Amino acid sequence: MIETPIHLLLLLLLPPLLLGVINKTKALAAGRIGAPWLQPYYDLIKLMRKGLVVSTTTTWVFFAGPAITLSTVILAGLLIPLGPFNAPIAFTGDLILFAYLFGLARFFTTAAALDTGSAFEGMGAAREVTFACLSEPALFFALLVLAKKSGSLTLTNMLHGPVAVFPSPAAAPLVLVAIGLFIVLLAETCRIPVDDPNTHLELTMIHEVMVLDHSGPLLGVIQYASALKLFVLSAVLLHLLAPFRTGSAWLDWPLFVGEILALAIVIGILESIMARLQMKRVPYLLTGALLLCGSGFILLVR
Amino acid sequence: MSLNLIIVALLFTAVSGLPGLMLSRASLWSQRIAVACMCLGSLAGLIGAGLGLYNPMTTAVSFPWPAMGDSLIGVDALSAFFLVPIFLMGGLGSIYGLGYWPQRRYPRTGKRLHVFWGGLVAGMALLVISKHAIAFLFGWEAMALSAFFLVSLEDHRPECRKAGLIYLMATHIGTLTLFGLFVCWRWATGSYGLHPVANDALSLSVMNGIFFLALLAFSLKAGVMPIHFWLPGAHTQAPSHVSAILSGVVLKMGIYGLLRILSLLPNPPATWGGLLLVLGAVSGLFGVVFALGQHDLKRLLAYHSVENIGIILMGMGLAMLGRSFNHPEWVVLGMAGCLLHVWNHSFFKSLLFFGAGSVVHATGTRQIDRLGGLAKPMPWTAAMFLVGAVAICGLPPLNGFISEWFVFLGFLRAGTTIGTSGSAVMIGAPILAMIGALAVACFVKVYGAVFLGTARTSGAAHAHEAPFSMRGPMLFLAAACAVIGLAPVLLSPILDAVIANFSGATEASRLSLTSVAPLKIISAISIWLLVCILALWLFLYLIGRVRHRGLTWDCGYAQPTSRMQYTASSFAQMIVSMFSWILRPRGGQQQVSGAFPKPAGMHTHVDDVVLDRVIVPGFHDLEQRFGWFRRFQQGLTQNYMLYILITVILMLSTLIPFKEIFAFLIAR
């Protein structure tokens with residue numbers, strides 16, 4: 001029963017470090033020293049202590065957006081298993097709740113963006129909901145493959161399934177799904193090549209432009225929630241990319257932390273060597289993810 | 001007891017508008033009497049339906065019906081289940097009408113509205129409790145005609161008359177098909193009574209015939225995608241509380257009819273379930289895509305009804321496949337999704353139409369791009385509309401999520417059951433996910449453009465909150481959405497009873513919903529999520545020291561105007577262009593040229609593909625080809641009587657014993 005507290009601790013404390021690792025990797029790749037590893041934590045603490053600037057246009061929805069985003073992402077984090085351990089909450093059909101929690105977060109993030117009445121934030125919101133129409137079915141195809149493979153409808157069993165089949169030809173659909181899920185992860189967490197978290201041109205942003213008017217603790221909560229989202233989706237992806245087990249709980253926790261940090265480095269390298277796509281090409285990338293996950297499904301049931 | 005209460009309720013609602021006819025137009029009492037009768041009737045009906053649901057015992061009375069044998073009315077669990085939204089919306093809608101359509105402001109149409117509102121509710125109640133084809137048809141026509149008069153209430157507006165006529169044509173094609181269905185039924189089973197058919201009593205081709213006639217007639221009423229064409233116009237042009245009952249309840253009568261006929265036929269072939277599933281997926285996906293292209297608030301909501309009917313049909317298709325392949329789990333999950341979504345949709349869609357009505361009432365326009373910023377002058381309506389919007393997107397922790405979760409779970413169960421063709425069924429899950437994502441896009445667009453931001457026109461700037469008579473019913477429906485979402489466990493005995501009623505004495509009738517779906521955990525998580533959100537929200541309010549209130553930053557632009565906001569059309573533009581192959585948006589913009597360009601503008605519009613591209617041009621073509629037929633059509637009643645006489649004589653001529661005459665002649 002020590003698993004649940006460790007799960008909760010990792011879920012709540014580790015995510016900003018992933019951002020720090022990604023930024024450090026990017027800085028090293030560009031030949032800079034970069035900000036300290038722990039900079040995201042310092043930023044969050046600073047933001048939480050700041051005052052707010054609020055537009056007169058806004059209503060209570062503006063405050064509800066960050067609150068709902070953070071609550072849903074934490075709940076989603078409790079539904080997924082980390083490494084070889086079981087998720088704290090598991091029940092039949094929790095995969096649907098997992099996907100729909102992101103839908104709820106999206107509804108209120110975009111509504112809070114529209115609450116400011118700014119054209120830029122409207123643009124970001126429109127892009128966010130449009131791209132989700134492609135990434136959501138892709139995610140579901142991936143979950144279908146995992147459910148079919150493991151014969152179970154709880155995320156814990158579904159995500160522990162790949163271990164058994166990993167080195168055999170039966171893992172072929174899982175490879176396709178893993179690539180598809182990786183694209184979904186990049187899109188959902190707004191990384192390059194879909195979105196650039198460090199861009200300075202509002203016209204080309206997706207996620208950052210939606211939160212232009214949020215400041216102080218609201219911005220802190222939003223940044224924390226997006227780090228959590230990165231952590232949660234990475235933890236899902238790791239079950240497909242690196243389903244390794246040592247069998248000992250004392251080794252498996254550090255192994256999991258190492259894996260997720262390695263994934264952050266991979267994302268950082270990817271961001272260093274790629275440019276972001278033109279906005280009109282993003283749907284093609286996401287359709288690609290949808291096709292990959294769909295092909296994985298067809299390969300499985302053929 | 002249950003049946004008696006429902007008969008009393010039926011009589012009360014049927015006559016509710018009649019006393020008002022004897023009063024003068026200026027008298028406010030006609031509406032008060034109608035609303036009082038309606039509320040009393042609804043209360044009696046709801047109690048009756050509740051008794052029928054919790055003690056699912058088939059109570060029936062039969063009475064002689066000339067020339068058709070004994071007629072039969074009775075309440076079983078399936079009837080009682082559909083009676084709940086009928087009486088609930090009948091009562092709530094009439095209360096809403098006190099504020100929305102007051103006799104003082106609408107002396108010309110007010111009395112007509114009450115008469116036909118009563119007729120509509122009573123007709124639906126009769127249709128649901130009848131166990132005999134003729135009584136069923138009687139209720140069906142009472143409903144269809146009352147709905148026609150309600151849709152064309154404002155008949156001084158040409159678009160309203162047009163919508164009413166299209167609806168009338170569509171509903172009568174449906175009625176004609178129903179005549180065919182019941183004649184077929186009588187021929188196959190030997191009676192007009194709607195009783196379960198014994199195993200192997202009918203051949204497959206007869207069953208197929210009955211099924212396809214029922215599918216055509218009932219899906220025309222329910223608004224399934226290719227034959228939904230009457231629906232957007234009728235829902236848009238009717239007064240908002242009429243739109244609410246049309247969308248929330250009248251469409252469900254199509255679903256009821258389909259469920260009733262399907263529950264009577266044994267051993268359904270797998271093609272039926274597959275067809276229902278495909279129709280559901282098509283309606284669901286394209287319903288929401290068309291909704292995204294709309295600029296008219298009520299028209300958009302109308303297309304969302306098509307979407308939700310699609311989700312209901314997907315559940316029904318899954319249940320039918322479960323019956324064909326003998327998988328009780330699929331039946332239970334599919335039917336639970338289908339039935340619960342019937343209730344859910346009638347709650348949140350009525351809530352949304354009531355909200356749209358409040359917006360129209362306050363601003364005088366339905367055009368989404370002329371509204372904006374209404375959350376400030378109308379906080380109650382905005383909050384209730386938000387509840388409806390979150391619920392219709394199927395998001396936790398509200399009721400829409402629960403019913404969609406059942407359908408999802410059914411699809412996934414079908415896929416993971418070993419040794420079945422369930423993998424094909426599983427494809428339904430990503431489609432449902434895409435429908436959900438598109439619905440989120442659509443309702444963020446509506447909510448953002450109508451209630452958030454700043455007012456785009458002076459009409460929206462001077463909006464006022466709706467009176468209590470309009471807010472009360474909305475509050476009630478929003479509370480119902482929340483209760484079903486947070487405690488679905490309360491409904492599981494009801495759903496079990498209806499599923500047992502639907503699936504007859506099969507294995508599925510003994511499988512309880514709680515054994516296949518962990519409802520208690522879902523409740524606990526939903527409540528926990530809600531508490532968590534509220535706590536965090538409060539926390540942000542408390543620690544957020546607001547240092548400065550000012551203009552929206554807008555990238556440093558100092559004087560943003562309300563016209564610079566992102567409009568609903570721009571918001572949906574990416575998705576509309578993604579689906580332009582089916583939506584075929586038309587419109588365009590004038591080119592800006594020269595050093596001193598003239599004022600330019602742009603507009604876009606998404607027509608209904610079926611009505612405006614197929615049916616209207618097709619019928620115009622037919623009209624031209626049949627120009628020669630006009631000479632028979634002179635508008636003289638005497639001529640038409642003559643045609644009837646000639647037809648009857650021709651039909652009688654079949655009685656002439658031609659065979660014998662020929663035999664006699666040849667023998668000579």
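1. In this predicted model, the association of chain B with chain A buries about 6,500 Å² between the two chains, and 78% of that buried area lies on carbon and sulfur atoms. On the side of chain B, the residues that lose the most area to chain A are Leu540(B), Tyr566(B) and Met574(B), which together account for 9% of what that side buries. Expressed as contacts, the interface brings 73 residues of chain B together with 75 residues of chain A, while the count of salt bridges between chain B and chain A is 0.

2. Turning to the chain as a whole, the secondary structure of chain B comprises 27 helices and 5 strands. The radius of gyration of chain B is 27 Å, close to the 26 Å that the globule rule gives for 668 residues, so chain B is as compact as a globular protein of that length. Taken along the principal axes, the box filled by the C-alpha atoms of chain B is roughly 110 × 65 × 55 Å.

3. As to packing, 58% of the 668 residues of chain B count as buried. When contacts in chain B between residues at least 6 apart in sequence are considered, 79% of them join residues at least 24 apart. Chain B exposes about 26,700 Å², of which carbon and sulfur atoms supply 68%.

4. Leu491(B) offers a local example, being placed in the loop of chain B between helix H19, which covers 468-486, and helix H20, which covers 492-503. Leu491(B) counts as buried because its relative accessibility is 11%, which falls under the 20% cut-off for that class. Leaving aside residues up to four places away in sequence, Leu491(B) touches Leu340(B), Trp343(B) and Ile484(B). By contrast with these contacts, Ser458(B) is 33 residues from Leu491(B) in sequence, and the two are 46 Å apart in space, C-alpha to C-alpha.

5. A further point for attention is a nonpolar surface patch of about 740 Å², made by Ile656(B), Phe658(B), Ile661(B), Phe662(B), Phe664(B), Leu665(B) and Ile666(B). One of these residues, Phe658(B), lies in helix H27 of chain B, which spans residues 658-667. Phe658(B) has a relative accessible area of 43% and is therefore classed as partly exposed, since that class lies between the 20% limit for buried and the 50% limit for exposed residues.

Terms used
Residues are numbered from 1 along each chain as its sequence is written. Chains are lettered from A and ligands numbered from 1 in the order in which they are written. This is a predicted model: local features need pLDDT of at least 70, side-chain atom pairs count only at pLDDT 80 or more; totals for chains, interfaces and linings use all residues. Side-chain values use heavy atoms; hydrogens and water are left out. Patches are made of residues with over 30% relative accessible area and no salt bridge: like charges are joined within 9 Å, nonpolar side chains (Val, Leu, Ile, Met, Phe, Trp, Tyr) within 5 Å. Accessible areas come from the Shrake-Rupley method with a 1.4 Å probe; for residues, only the protein chains shown count as cover. A salt bridge is a side-chain nitrogen of Lys or Arg within 4 Å of a carboxyl oxygen of Asp or Glu. Helices (H or I, at least four residues) and strands (E, at least two) are DSSP runs, numbered from the N terminus. Buried means under 20% relative accessible area, exposed over 50%, partly exposed in between (1.4 Å probe, protein chains only). The radius of gyration is taken over C-alpha atoms; the globule rule is 2.2 Å times the number of residues to the power 0.38. Contact means heavy atoms within 4.5 Å. Buried area is the accessible area (1.4 Å probe) that two parts lose on being put together, summed over both.
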